[in-house]
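Q: I've just opened this one and don't know my way around yet. Could you pick one part, go through it slowly, and then give me a feel for what surrounds it?

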Amino acid sequence: MQETPDTTVEPLFCGQLELSEPTCMMHHMRPIKCVAFEGTLTGRRFYGCPVQQSEGVNCGVTEWVDKPWHPILQNCLSRLWDMYHEQNCGRVVDKQKYEKHLAKLKTENDKLCIEYTKLVQDVSKMFDWQDGRVGHMDNQKAVEEEEFEKKKKEVEERARLEVQMEKLKLAKEQRCILQSQADIIKNTRKAKKEVEQERDLLKIEKAKLEHVVNELLSDGHASKEKLEKIKAILDS
């Protein structure tokens with residue numbers, strides 16, 4: 001049993017298989033149509049178990065529709081995925097650095113708020129001790145509280161803007177990833193088409209050579225034994 005690889009959306013090959021056969025190994029259910037999007041399997045169509053991991057045990061690939069790609073195409077896919085992972089790793093590192101910096105700013109902000117609150121309380125106590133006037137104390141306390149609320153709003157606004165910028169950055173990265181997926185599928189199909197064209201040309205050349213050998217044999221030209229060996233190679 002082969003585990004289900006990562007997949008991508010393909011409108012021309014999706015939904016549940018309408019035929020009664022084949023069925024998945026463990027649940028004996030009609031499989032779903034999938035297109036692989038992982039490593040050298042990228043672009044290969046297969047029938048997979050319809051049970052999601054969150055709902056139970058997924059018994060993997062039921063049957064492959066496409067045969068394994070040509071080794072040259074597999075090497076191309078492997079290199080493309082390596083390039084993608086290298087670039088994505090850089091984004092993850094940058095994101096981790098940003099999150100650490102954001103956490104540090106939050107810690108410093110919390111510390112500043114605590115110190116500021118303590119300072120407000122100390123100033124209020126000092127005015128109470130000096131003046132002994134309740135009215136002046138209440139007025140000073142109101143001023144300090146107003147200043148504190150103003151400072152608090154400024155900090156909250158700055159934090160909100162930083163979070164908004166992070167969301168915009170993540171949305172941009174997601175669009176880049178989706179574009180990379182589309183490019184990989186496009187390049188995979190192009191490489192597959194080139195391999196098929198090269199294979200068809202080889203078949204045509206082989207047929208021409210077989211025709212020449214047969215004519216030489218029929219006309220009695222050259223060494224019949226050597227021509228027989230060449231024909232045996234072509235037939236193999």
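What follows is a close look at the β sheet and the core that goes with it, with a short tour of the rest at the end.

A: Happy to. A word on the ground rules: this is a predicted model, so local features need pLDDT of at least 70 and side-chain atom pairs count only at pLDDT 80 or more, while totals for chains, interfaces and linings use all residues. Residues are numbered from 1 along each chain as its sequence is written, and side-chain values use heavy atoms, leaving out hydrogens and water.

Let's get our bearings. The chain has three helices and four strands (DSSP runs numbered from the N terminus, helices being H or I of at least four residues and strands E of at least two). Along the sequence the pattern reads β-β-β-β-α-α-α. The average pLDDT (the predictor's confidence in each residue, from 0 to 100) is 82 for the chain, with 90% of the residues scoring at least 70. Among the elements, β2 has the highest mean pLDDT, 90, and helix α3 (residues 224–235) the lowest, 69.

Now for the sheet. How are the four strands arranged? They form an open sheet in the order β1-β2-β3-β4, and the pairing is antiparallel (two strands pair if DSSP finds at least two bridges between them). β1 (7–8) and β4 are at the edges with a single partner strand each, so each has one side with no neighbour in the sheet.

Look at the middle first. β2 and β3 (residues 45–48) pair over four bridges, running antiparallel. You can check the register by eye: isoleucine 32 sits opposite glycine 48 in β3, and cysteine 34 faces phenylalanine 46 there. Next door, β3 and β4 are joined by three antiparallel bridges. Glycine 48 turns up again here, standing opposite valine 61 in β4.

A bit of background helps when you look at the side chains. In a regular strand, side chains alternate between the two faces of the sheet. In soluble globular proteins, nonpolar side chains also tend to be buried together.

So what makes up the largest nonpolar core? It has six residues: Cys34, Ala36, Leu41, Phe46, Val61 and Trp64. (A nonpolar core is a set of buried Ala, Val, Leu, Ile, Met, Phe, Trp, Tyr and Cys residues joined through side-chain atoms within 4.5 Å; buried means under 20% relative accessible area, exposed over 50%, partly exposed in between, with a 1.4 Å probe and protein chains only.) β2 (32–36) and β4 (61–64) each supply at least two of these residues. Cys34 and Phe46 are worth a second glance, since they both belong to the core and also stand opposite each other across β2 and β3.

Trp64 is a good residue to zoom in on. Setting aside neighbours within four places in sequence, tryptophan 64 is in contact (heavy atoms within 4.5 Å) with Gln2, Pro5, Ala36, Leu41, Arg44, Arg45 and Phe46. Ala36, Leu41 and Phe46 on that list are also members of the core.

Before leaving this end of the chain, look at histidine 28, in the loop between β1 and β2. Most residues other than glycine have a negative phi. Histidine 28 isn't a glycine, yet has a positive phi of about 55°. The residue is exposed, at 59% relative accessible area.

And the surroundings? Follow the chain into the helices. Valine 120, in helix α1, is buried at 13% relative accessible area. The C-alpha atoms of valine 120 and glutamate 144 are 6.2 Å apart, though their positions lie 24 residues apart along the chain. Glutamine 140 in helix α2 (residues 134–219) is buried too, at 15%. Leaving out neighbours within four places in sequence, glutamine 140 touches Val123 and Phe127. Valine 163, also in α2, counts as partly exposed at 40%; from its C-alpha to that of leucine 102, 61 residues away along the chain, is 9.2 Å.

Zooming right out, 19% of the chain's 236 residues count as buried. Among contacts with a separation of 6 or more, 55% link residues 24 or more positions apart.
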